[in-house]
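Q: Could you take me on a close look at one part of this protein? I would like to see how a pair of helices packs, and what surrounds the open space beside the chain.

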Amino acid sequence: MRQLTFKNASEAFDFYYGTIPYEGVSFAGTKAMFNQGFIIEKPWERMIDNEKRAFNMEYAEAEWQWYLSGDPNVDKLGEIYGKVPQIWERMADADGEVNSNYGWQWERDHQLDKVVAQLKNNTDTRQAAISIYDGKEISRYKYDTPCTYAVQFTVVKGKLNMCVVMRSNDLWYGFCNDQYCFSMLQNLVSTRTGIDMGTYYHFAHNLHIYNDKLPEQNTLTSRARTYG
């Protein structure tokens, strides 16, 4: 079975930025490709180098620190970053809270602590998983529906591998910031368990680029092909 593998997140971004506009289908104001999964070999290389994207590492780190706080209120992000991005303001409820602070999600029922304990107790466990999106809570998703279903950790050949499964992922903003925070989570679990980081597998049922972010002239396609 052919498996897409990239050295780092920046290579993955370049590939899909050069592929989705041509192979994606028109879907709800985007070009989208379905059931896309790939391996990132070096998840600790988090920078997105594409000049058009102008990835903001300062913001990505602020979002990670917000997740670590476990506070679902967007005011906490504003306190850390200096302002609250408009997208989070739109997603917040009347109290300023969101469902998509993944740190708040993994602290619910002590999910992260349980994952660490499971991995320490049994490196062959298939149960070291964090649940985020929950269809049984869909009535809570009026303003903000989490894009991530789950995160699972598995030790293979002495390395801590991670798998992220998403229902929907916007390549331009979502993937870039998500890969940063999830790879930081992988590093956190690695540190707490003493197991070296391995690969990061990223799966999105719907991986898309919004129409206003589609490249006018895409010069990445030929280079992107070499990654596949």
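A: Here is a walk through one helix pair and then the largest pocket. Please keep in mind that this is a predicted model.

Let's start with the helices. Helix α1 covers residues 9–23 and helix α7 covers residues 171–193. Their axes lie 11 Å apart, and the packing angle is about 165°. Angles over 145 degrees count as roughly antiparallel, and α1 and α7 are therefore roughly antiparallel to each other. The crossing of α1 past α7 is right-handed.

Which residues make the contact? On the α1 side you will find A9, A12, F13, Y16, Y17 and I20, and they meet L171, W172, F175, C176 and Q179 of α7. Sorted by class, this contact has ten nonpolar residues and one polar residue, with no charged ones.

Helix α7 also leads us to the pocket, since α7 is among the elements that each supply at least two residues of its lining. The others are α2 (57–69), α4 (86–91), β7 (169–170) and β8 (197–210). The largest share comes from α4, with five residues.

The largest pocket has a volume of about 1000 Å³, and 36 residues line it. If you want to find its centre on screen, look for I87, M91, D170, Y173 and G174, which are the lining residues nearest to that point. By class, the lining of this pocket has 17 nonpolar, eleven polar and eight charged residues. So charged residues do appear in the pocket lining, whereas the contact of α1 with α7 has none.

Technical notes: Residues numbered from 1 in each chain as written. Predicted model: local features only at pLDDT ≥ 70, side-chain atom pairs only at ≥ 80, totals over all residues. Heavy atoms only, no water. Axes fitted to C-alpha atoms, helices over the stretch in contact; angles between N-to-C directions. Helix = DSSP H or I, 4+ residues; strand = E, 2+ residues; numbered from the N terminus. Parallel < 35°, antiparallel > 145°, perpendicular 65-115°, else oblique. Left-handed = near helix turned anticlockwise from the far one by under 90°. Contact = heavy atoms within 4.5 Å. 1 Å grid on protein atoms, 1.4 Å probe; cavity = no way out; pocket = protein on both sides within 12 Å on 5 of 7 lines; lining within 4 Å. Points joined across faces, edges and corners; volume = space filled by probe spheres on them.
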